[in-house]
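Colleague: I'm new to this one. Can you walk me through it?
Modeller: Sure, have a look first.

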Amino acid sequence: MGGNATAEFGSVRLSAQEYNDVTSELEKIFSNMNFDDDSFGFIKSYKSKESFGDVDCLITMDNSKFNNLLSESKNIKVVAKKGLSYAMQVLLPNGEYSITFQFDYIKSSKESFNFAFKYFAYNDLGNMIHRIAQQLNLKVGHLGLTKDLYLDKDANLTDVFSLKSQYENDKNNAASFKKNIIISTDFNKTLEFFGFDVEEYEKGFDKLEDIFDFVIKSKYFKKEFFDL
């Protein structure tokens, strides 16, 4: 994510119309590829966004298999690849290839795909929800709603909430192990838990300010959580 990884290969920002054009064609191309039981989805943004630095796509398929499918496609030109970012062109309905843009492959497991697809949506919304979750000693990330458990050398739960708190309270040997457990992989239920309006989320957001307003409505919101 970001849009600068493939600039050296000629990729440029896409206008909203160009973004819609290339993702519409990629949707058709990918749907006709041999994805088998793998999934893909283009990360959503707020509706009034005027330009895009890249095309972010969440994919459960192994990257090597995805590369093979790209190489077999006559409708996609991969100009260059850098890490998991591609400088890419796609064949448009007018018979011409699009301008070169950056396509970012974002790997997801099949189990967490639905949660991750919503977590990554709408700019930094997922990260802002995570900041609220942290105040309850929970985490929200692409894997779901999770919690770190700290155990002593005999695998008994301790009252340590983070390694930082362990040292600050002079409990140097209190936690010998940390285990992250998944509480939920249902994004909508996670939203409900933190007091968000699921219907409002599902409608999407017109502008960036709407995303901020949505976060503020959480019953656990405090502006101090966002001092950074």
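Modeller: One term before we start: two strands pair if DSSP finds at least two bridges between them. Also, this is a predicted model.

Colleague: OK. Which residue of β6 is the bridge partner of K82?
Modeller: That is S85.

Colleague: How many bridges join β5 to β6?
Modeller: There are 6, and the two strands run antiparallel. β5 covers residues 76-82.

Colleague: What about the turn in that hairpin of β5 and β6?
Modeller: It has 2 residues between the strands. G83 takes a positive phi there, near 65 degrees.

Colleague: And how does β6 pair with β7?
Modeller: In the antiparallel sense, over 4 bridges. On β7, F101 stands opposite M88.

Colleague: Are the faces of β6 covered or open?
Modeller: Both are covered. S85, A87 and Q89 are buried on one side, and Y86, M88 and V90 are buried on the other. That fits the count for β6: 6 of its 6 residues are buried.

Colleague: Switching to the core. Which residues touch the most other members of the largest nonpolar core?
Modeller: L26, F30, F66 and F103, out of 26 residues. Elements that each supply at least two residues include β6, β7 and α2 (63-72). β2 (40-42) and β4 (55-59) are also among them.

Colleague: Which element gives the most to this core?
Modeller: α1 does, with 5 residues.

Colleague: What is F30 in contact with, leaving aside its neighbours within four places in sequence?
Modeller: Several phenylalanines, for a start: F35, F40, F42, F66 and F103. F30 is also in contact with C57, L70 and I76.

Colleague: Why would a core like that be nonpolar?
Modeller: In soluble globular proteins, nonpolar side chains tend to be buried together.

Colleague: What about the other core that lies apart from it?
Modeller: That one has 24 residues, among them M128, I129, I132 and F214.

Colleague: New topic, pockets. What volume does the second largest pocket have?
Modeller: About 210 Å³. Its lining has 17 residues, and the closest to its centre are N20, K44, S45, Y46 and K47.

Colleague: Which elements give two or more residues to that lining?
Modeller: α1 (16-32) and α7 (198-203). α1 gives the most, with 4 residues.

Colleague: How do the lining residues of the second largest pocket divide?
Modeller: Into 8 nonpolar, 4 polar and 5 charged.

Colleague: So α1 comes up twice?
Modeller: Yes. α1 gives the most to the largest nonpolar core, and α1 also gives the most to the lining of the second largest pocket.

Note on methods
Residues numbered from 1 in each chain as written. Predicted model: local features only at pLDDT ≥ 70, side-chain atom pairs only at ≥ 80, totals over all residues. Heavy atoms only, no water. 1 Å grid on protein atoms, 1.4 Å probe; cavity = no way out; pocket = protein on both sides within 12 Å on 5 of 7 lines; lining within 4 Å. Points joined across faces, edges and corners; volume = space filled by probe spheres on them. Nonpolar A, V, L, I, M, F, W, Y, C, P; charged D, E, K, R; others polar. Core = buried A, V, L, I, M, F, W, Y, C linked by side-chain atoms within 4.5 Å. Buried < 20%, exposed > 50% of the residue type's maximum accessible area, 1.4 Å probe, protein only. Contact = heavy atoms within 4.5 Å.
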